[in-house]
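Subject: Structure for your review

Dear colleague,

Please find below the structure that I am handing over to you. I would be grateful if you would look through it alongside the notes that follow.

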Amino acid sequence: MQPQPRADLDKAPRAAQLRFYAGLPFFAVLLYLSTGGINNRIFLLSLSTGGTDGRGAILDLQLHLLPFAVLGAGLVALYLLRSDHVYHVRAAELGCEPAPRYPRRDVLGIRFLLETARLLKENVMLQKRRELLEECGFTFVHGVFPDGGVCVTTAEPENVRAVLCTGFADWDVPRLRIRGFLPVLGRHSIFTTNGAEWQHSRAILRPAFVRDQISDPACVDRHVRKLIARIPTDGTTVFDLQALFSMLTTDTISDFMFGQSTDLLGNAPEDSHKFGNYFDQAMAKIAWRARLGWLTMLRRDPELDTYATFLRKFVTRYVTELRAREEGNKEWEVGKYVFLNELLKSGESDEVICDHLLSIFTAGRDTTTSVLSYLFFELSRRPDIAAAIRAEIAELGAEDPTWEQLRGMKYLNWVLKEALRLNPPVATNTREAVRDTMLPRGGGPDGKSPVFVKKGTSVRYVPWIMHRRTDIFGEDADKFRPERWEDLRVTLEYLPFNAGPRICIGQQFALTQMALITLRLLQAFKTIERRDDRPPIQKLGINLSMLYGCQVSVTPA
Ligand code: HEM
């Protein structure tokens, strides 16, 4: 059966724009009348009663201004029509066609903004956007409130390739995201910079991730053992693995970065718990700011300021401490790789180093927690998959596994890939055009023509939806089936770590860390059972997380 076109999807966006511009003069008159406020009402009343009640001067002025207001609005409309015309001529020259616009009637993107806020609140944003994208050929355009521009949303691998790889120079991390992240990450972090500044940050951070020293499973192992020790093993006590994974990743990343762990799974001081807690709150707030736009930034948020101040102080303390040790010329934990040590060698100021450290926390903590939580949710309802991983673990023997061995575990790596496919922690991402450019797909009635993109336009690409496309991953795309990776060959259709020059620099670190954690938990527990009847809802923040956590009970091996 042919799908019915949605009434709220405009396949003729240009006509809609023209209708909007034609309405501008009327809008101006309305605006003019409404700015007269109560006076206008009195004026209209007085016309019907025959008197102006002493307000003649003001009303006179308004009447004189009326032609200018109409003329002004007319000129604005003409200007917009002209640039619209120029835009369409250029687009046509390049063989571009418009992409469908959603929703159909939406002056300045207000409806879209309100709908987005509602869908986020109801935690159905990804599902609803998937339906929409499937219907309109995987690309659509919507208005952006309040600046009146547009944003292109796409789940088309060819568009992703153009944005992240082949046309990299045409696209920046959007200003909106930078403004949203600034209070916490600062202006020098790898996530809040573009161009030369970003290249500089990446050049400082990247070497730390290719050094042999970080390949130290013992560091992760130490913290996993603490996690295992905290888990009740009577098979009936229910606990939330997601909360424990969040502590674990905080501990491992802080250990890797500062050479001292926050030790949330051990004997953490009050401050470390506060750090974990404030970090969660701050992330939730900046996700909201970056998504809902300039409106959320009009007002200062004193809570966010409190969180940001505390987080920056907490991290700076380690920087000051380590600098003091270095100045005292003491050898500090000889042989142990400490990321902060390497950063200090860059000669950057404390403020810049603090920005970098917080960005690594942001990049590595909740992403890893998200994948592990979802993975163990799947394992808790799929004992067959857990058994297949255990069989592979048994082949390793009794020795502690090396990083190389972990990377070589074929089935375990399929399982991780499958978890990253179905719920990539960075489920959606955005870039902004820094010059007029185009996307190769999404335009015209069949969605196969290129789409012209004006400078300043945002493009949101959605790995979560792309990873579930049945034309790419098969009819069972929604199913957790690790075996699909045996012969599946994909490139940019699969994008959990991004691609191109801004690809995730912690990818190998994350994969091996997650492999080791999974291995240790499956060695420690014979059964891991799901203990939650509620549907598994994914909450969209900066990263995905499980709304109700991962509630399970376990028995010892
Ligand atoms: C499962 C875990 C992880 C996933 C799914 C993931 C995913 C991503 C994605 C999608 C990006 C691109 C963001 C963008 O440009 O908008 C990214 C960037 C980045 N990731 Fe990861 N990441 C993970 C773990 C980590 C870890 C553990 C670290 C470090 C300890 C890390 C460090 C970074 C950094 C520094 C960037 C910025 C790269 C740049 O802009 O040049 N990531 N990651």
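A residue is called buried when its relative accessible area is under 20%. By that criterion, buried residues make up 50% of the 557 residues in the protein chain. Please bear in mind that this is a predicted model.

Regarding the overall fold, the protein chain contains 21 helices and 12 strands. Among its contacts with a separation of 6 or more, 73% join residues that lie 24 or more positions apart. The accessible surface of the protein chain is about 26300 Å², and carbon and sulfur atoms account for 57% of that area.

The interior may be described through its nonpolar cores. The largest of these has 54 residues, and L241, F245, F376 and I389 have the most contacts inside it. Helix α21 supplies nine residues, the largest share of this core. A second core of 44 residues lies apart from it, with L185, I286, Y318 and L322 among its members.

L241 merits a closer look. If its neighbours within four places in sequence are set aside, L241 is in contact with I231, F376, L521, C550 and V552.

Finally, there is the ligand. Which protein residue provides a donor to its iron atom? The single donor from the protein is the SG atom of C504, at 2.3 Å from the iron. In the chain, C504 is found in the loop that runs between α20 (470–473) and α21 (507–524). The helix after this loop, α21, is thus named twice in these notes, since it also contributes nine residues to the largest nonpolar core.

Yours sincerely

Conventions: Residues numbered from 1 in each chain as written. Predicted model: local features only at pLDDT ≥ 70, side-chain atom pairs only at ≥ 80, totals over all residues. Heavy atoms only, no water. Helix = DSSP H or I, 4+ residues; strand = E, 2+ residues; numbered from the N terminus. Buried < 20%, exposed > 50% of the residue type's maximum accessible area, 1.4 Å probe, protein only. Contact = heavy atoms within 4.5 Å. Areas by Shrake-Rupley, 256 points an atom, 1.4 Å probe, with all protein chains shown as cover. Donors = N, O, S within 2.8 Å, 3.2 Å for Na, K, Ca; no water. Core = buried A, V, L, I, M, F, W, Y, C linked by side-chain atoms within 4.5 Å.
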